[in-house]
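Please open the model in your viewer, with the sequence panel beside it, and keep the selection tool at hand. The tour goes from stop to stop, saying at each one what to select and what is there.

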Amino acid sequence: MLRVVNRVLLGLAGLVLVALGGSVLAIGLGAPAPSWWLHDGRDDVLLSEAERTHWRAEGWWWPVVIAVLAALLLLALWWLVAVLRRRRLAHVLVDTGDGEEAVVHGRALEHALTEDAGHLAGVEKAQVHLTGRRQAPQVRVRMSLAPHIDPGTALDDLTHRTLAHARDSAGLASLPAEVRLRGVRHRAERVS
């Protein structure tokens, strides 16, 4: 979802900047101003003295300007942090048992966990994402369950088979997991 929001916001910002910048450049080079343009021509200033000082005497003006700019700043900072923060774990450190460490790609471990969880009895679809730190990974699992499967059984199989196998294979002391179970929609069965 964040990737879609990021692309849409960047696309819209780019379109607005290209349209405004291109219009200013064209008018500055002598092209006639379009009908929607705010000013008359190339010698017109962007904000006249009267436009710049019109609202200054009003008591509400500066608090509104500061509040809007602060909100825009907070939104931009939130967006920057969300873009820079990595949600997925790129690598996991594995203790090889001889005092050395090996590195396993996070996507490879995610793929193996997804395949293993997808083969559990009653699991229609599974998605696994690694989060956390390289030395202490965590797992987020989403599973869609068939209508006839007991969620407790599916969770028990996932915990004792899939996650235990991954924890033992990677030589981890623990592998905390957040599991979300969802039932697959199905038609009502006919009873005769």
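The stops below begin with the strands and helices and then turn to single residues.

**Before you start**

This is a predicted model, in which local features need pLDDT of at least 70 and side-chain atom pairs count only at pLDDT 80 or more, while totals for chains, interfaces and linings use all residues. Residues are numbered from 1 along each chain as its sequence is written, and side-chain values use heavy atoms, with hydrogens and water left out.

**Stop 1: the hairpin**

Select residues 91-95, which are strand β1, together with residues 101-105, which are strand β2; the two pair in the antiparallel sense over 5 bridges. Strands (E, at least two residues) and helices (H or I, at least four) are DSSP runs numbered from the N terminus, and two strands count as paired if DSSP finds at least two bridges between them. Add the 5 residues that lie between β1 and β2 to see the hairpin, and look in its turn for Gly97, which has a positive phi of about 95°. Along the ladder, Asp95 has Glu101 in β2 as its bridge partner, and Val92 stands opposite Val104 in β2.

**Stop 2: the sheet of three strands**

Next, display the open sheet whose 3 strands run in the order β3-β4-β5, with mixed pairing. Its edge strands, each pairing on one side only, are β3 (123-132) and β5 (177-183). From one strand to the next, the twist averages 15°; axes here are lines fitted to C-alpha atoms, for helices over the stretch in contact, and angles run from 0 to 180 degrees between N-to-C directions.

Now select β4, residues 137-145, which pairs with β5 in the parallel sense over 7 bridges. For one of these pairings, label Val141, whose bridge partner in β5 is Val179.

Helix α4 (residues 106-118) packs on this sheet and touches β3 and β4, its direction making about 150° with that of β3. Helix α5 (residues 151-170) also packs on the sheet, where it touches β4 and β5, and its direction makes about 140° with that of β4. Contact, here and below, means heavy atoms within 4.5 Å.

**Stop 3: two residues of helix α5**

Is Thr162, which you can select next, buried or exposed? Thr162 lies in helix α5 and is buried, with a relative accessible area of 1%; buried means under 20% relative accessible area, exposed over 50%, and partly exposed in between (1.4 Å probe, protein chains only). Leaving aside residues up to four places away in sequence, Thr162 touches Leu113, Asp116, Ala117, Leu120 and Asp157.

Ala164 is also found in helix α5, and at 12% relative accessibility Ala164 counts as buried. If you draw a distance from Ala164 to Pro147, C-alpha to C-alpha, it spans 26 Å, although the two are 17 residues apart in sequence.

**Stop 4: Arg140 and the salt bridges**

Return to strand β4 and pick out Arg140, which at 41% relative accessibility counts as partly exposed. Not counting residues up to four places away in sequence, Arg140 touches Gln127, Val128, His129, Thr131 and Glu178. Its C-alpha atom is separated by 8.8 Å from that of Pro176, 36 residues apart along the chain.

How many salt bridges does a search of the whole structure find? There are 2, where a salt bridge is a side-chain nitrogen of Lys or Arg within 4 Å of a carboxyl oxygen of Asp or Glu. In one, Glu178 is joined to Arg180, the closest N and O atoms being 3.1 Å apart; Glu178 is partly exposed at 36% relative accessibility, and Arg180 is partly exposed at 47%. In the other, Asp168 is joined to Arg167 with the closest N and O atoms 3.8 Å apart; Asp168 is exposed, with a relative accessible area of 56%, whereas Arg167 is partly exposed at 27%.

**Stop 5: a nonpolar patch on the surface**

Finally, switch to a surface view and select Trp55, which is found in the loop between α2 (49-53) and α3 (61-84) and is partly exposed at 37% relative accessibility. Trp55 forms a nonpolar surface patch with Trp60, Val64, Val68, Leu69, Leu72, Leu75 and Trp78, and together they have about 820 Å² of accessible area. Patches are made of residues with over 30% relative accessible area and no salt bridge, like charges being joined within 9 Å and nonpolar side chains (Val, Leu, Ile, Met, Phe, Trp, Tyr) within 5 Å. Accessible areas come from the Shrake-Rupley method with a 1.4 Å probe, and for residues only the protein chains shown count as cover.
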